[in-house]
Amino acid sequence: MTARRGNTEGRLAWRMTGIITLCVYIFLFAPIVATVVLSFNDSMFGGFPMTGFSFRWYAKLWENEQVLAAFQTSLWIALVTATVTTAIGLVTAFALVRFEFAGKELLSTLVILPALVPETILGVGLLVAIKAVDQPRTLPLLVLGHILLALPYVVLIVQARMVGIRRIYDEAALSLGATRLQSFREITLPLLIPAVVAGALLAFTISFDNTSASLFWRPAGVETMPTQILSMLKISISPEINALGTVMILVTVGIPLVGGIVLQSLSRMKRRDQQRET
Amino acid sequence: MADTNQTPRPETAGETRPAVEFRDISIAYGSFVAVRDFSLAIAKGSFVTLLGPSGCGKTTILRSIAGLVDISAGQISIGGKRVDDVPIYKRNIGLVFQSYALFPHKNVFDNVAFGLKYRNVPKPEIARKVAQALEMVRLPGSERKLPSQLSGGQQQRIALARAIVFEPEVLLLDEPLSALDANMREEMRVEIKKIQKATGITAIFVTHDQEEALSMSDQIVVMNAGRMEQIGSPEQVYEAPATGFVADFLGKANMLPGIVSSSDGARTTIALAAGQTVSVAAALPPGRAVTVVVRPQKLSVGAVPSGNRLTGRVVSTSYLGGNAIYEIDIGGGTTIRANTQISGPVAAEGQTVELAFDAAACVLLDEHGQRIPVLPGRQSNAKTSSASTSPRQQ
């Protein structure tokens with residue numbers, strides 16, 4: 001009897017878990033789905049019901065020079081951020097894992113700190129610092145801020161992979177006659193590549209859709225994609241925004257996805273080449 | 001195949017410079033001294049083993065040859081050249097690790113070719129040498145495989161090929177067999193020794209396994225706590241351990257403390273703490289504290305022909321087919337281990353037995369654990385007896 005009751009209870013618990021999980025997913029993804037669906041809505045109003053299927057909002061977006069400028073700005077900032085952050089992050093992670101030096105713990109904490117401090121505080125902080133040294137808000141400064149925000153994630157990702165690359169590979173390479181630099185290039189770096197690529201993609205995404213810190217840091221007259229969307233929202237919820245949102249989703253989800261796929265097929269190709277060489 | 005035709009030349013080595021020489025080296029990590037005043041000359045073409053328990057400094061010494069640890073004092077020479085300031089990648093050494101350390105993203109060919117590539121060997125030459133090295137480790141045709149597609153033993157063979165293909169000055173092996181399973185280990189033991197002989201390369205082998213050390217080495221350096229305890233051929237360190245540590249570490253010898261009770265100049269009688277007496281061929285002053293060291297294999301149990309006799313009660317018997325290992329309580333809280341060939345019935349637990357050993361088969365240690373030299377006449381006697389009972393013939 002008790003067993004049966006336990007069983008029904010178990011079944012109920014499982015069903016509840018299922019329902020709650022489903023609710024969470026709906027809560028998470030319904031807005032995204034709605035945005036994407038509504039971006040193809042023919043209606044003048046950015047909401048349900050759908051009145052027809054159309055690409056007109058995308059066409060309109062394409063003609064909106066403000067949006068295009070913001071998109072370009074964001075793209076450049078994200079690209080520069082990703083490049084610089086990956087380079088710095090790689091070196092930092094390498095140093096943190098492979099070397100012992102004074103202040104190592106401190107450096108480690110400082111690098112991770114921007115990920116822990118609320119972005120608003122970071123935004124205000126940098127702004128105050130800029131004001132204190134009497135500097136104008138410029139685009140390079142905005143990029144610098146994005147680097148600051150993205151660096152912890154790159155370092156953490158590369159560090160995690162670095163820990164798994166045993167030092168004896170390096171020792172073996174050195175004993176075989178490679179210099180430290182050659183060993184890094186030929187042994188450590190190739191083993192690190194997946195983490196480096198992942199870090200770069202993440203840095204790109206973090207920069208591309210950063211909103212709150214960008215609001216503080218952007219120079220007058222410069223809009224990034226997220227701040228552009230915000231200012232457009234202030235006027236009205238135009239269906240154009242749904243189209244823009246869909247583009248944003250495509251970029252931030254699509255780029256890492258494409259990157260991952262490219263990386264995978266690259267390594268597969270290389271392996272095939274190696275086997276064919278015989 | 002030119003390389004494999006080289007004949008081993010450990011005997012001619014004496015004339016030339018040592019392949020590797022340590023002069024009074026010390027190695028410290030902060031305040032911890034891992035190696036203290038270590039000096040050793042290794043003859044060209046010889047196979048030298050550093051043997052000792054973990055933490056004795058043997059791996060540290062090996063890594064100091066490679067340049068992976070810095071020495072705090074003294075000097076190291078490879079092929080007569082001081083290498084203290086030479087970076088690792090210019091030392092021309094072959095290194096084999098316990099965990100293989102094959103580059104996981106490179107195939108077998110690229111792994112083995114790695115050292116040649118950085119020595120600017122032309123490509124056709126690289127291909128030829130790699131093929132030859134793979135032939136030598138009996139894995140020809142495996143060029144395109146990735147390390148993950150090979151078994152542990154195969155990986156270690158590739159690692160060995162990688163370390164010898166560029167004909168280094170010295171081959172360093174850091175417990176290369178420890179990660180392999182028992183069957184593989186024995187096979188690789190023979191293989192490594194064979195390759196070393198065929199190439200005539202100087203090899204320094206680090207292990208904590210006495211069997212590996214005894215079966216492979218020309219010379220064994222027994223290490224303990226950062227110091228050298230003894231250096232000698234496998235027979236020497238086994239038959240004539242210089243210290244109590246060596247006697248215990250190699251083969252778990254029985255250590256019987258006692259005091260010299262009488263001596264007539266040629267024979268000395270020792271009263272063991274266990275309450276029985278043994279007599280040995282040595283001249284020692286009465287009253288001196290000594291330890292009698294007897295290997296379990298030198299003890300015979302049961303029907304006793306001659307020599308020193310002890311009686312005791314069997315505590316445990318391990319029947320191993322051809323021979324048996326007994327633990328025998330000889331009184332005074334002393335338990336002796338005997339590993340004997342079985343002839344006649346196996347002694348049961350609780351049974352009282354007689355055991356005996358030849359006076360020549362034991363070594364005496366003084367109160368500091370150092371071997372007491374035996375009489376000159378006796379020494380040659382001991383050697384002939386040791387030749388017939390070398391550890392490998394058990």
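Visitor: How many residues of chain B are in contact with chain A?

Guide: In this predicted model, 18 residues of chain B are in contact with 19 residues of chain A. Strand 6 (93–96) and helix 2 (108–117) of chain B each give two or more residues to that side. By class, the side has 11 nonpolar, 4 polar and 3 charged residues.

Visitor: What makes Ala101(B), in the loop between strand 6 and helix 2 of chain B, count as buried?

Guide: A residue is buried if 20 or more other C-beta atoms lie within 10 Å of its own. Ala101(B) has 24, so Ala101(B) is buried. Its phi is positive, about 60°, although Ala101(B) is not a glycine.

Visitor: Why is Lys252(B) called partly exposed?

Guide: Partly exposed lies between the limits of 12 or fewer for exposed and 20 or more for buried. Lys252(B) has 13 C-beta neighbours inside 10 Å, and therefore counts as partly exposed. Lys252(B) is in the loop between helix 8 (244–249) and strand 11 (254–263) of chain B, and has a positive phi near 45°.

Visitor: How do you know that the buried residues of helix 5 of chain B line one face?

Guide: The buried residues are Met188(B), Ile192(B), Ile195(B) and Gln196(B). Seen down the helix axis, they fall within an arc of 95°, so they line one face. The face turned away from them carries the exposed residues Asn183(B), Val190(B) and Lys194(B).

Visitor: What covers the buried residues of helix 5 of chain B?

Guide: The cover includes strand 3 (47–51), helix 3 (123–136), helix 4 (152–164), strand 8 (202–207) and helix 6 (210–216) of chain B.

Note on methods:
Residues numbered from 1 in each chain as written. Chains lettered and ligands numbered in written order. Predicted model: local features only at pLDDT ≥ 70, side-chain atom pairs only at ≥ 80, totals over all residues. Contact = placed C-beta atoms within 7 Å. Helix = DSSP H or I, 4+ residues; strand = E, 2+ residues; numbered from the N terminus. Nonpolar A, V, L, I, M, F, W, Y, C, P; charged D, E, K, R; others polar. Arc of directions from axis to C-beta.
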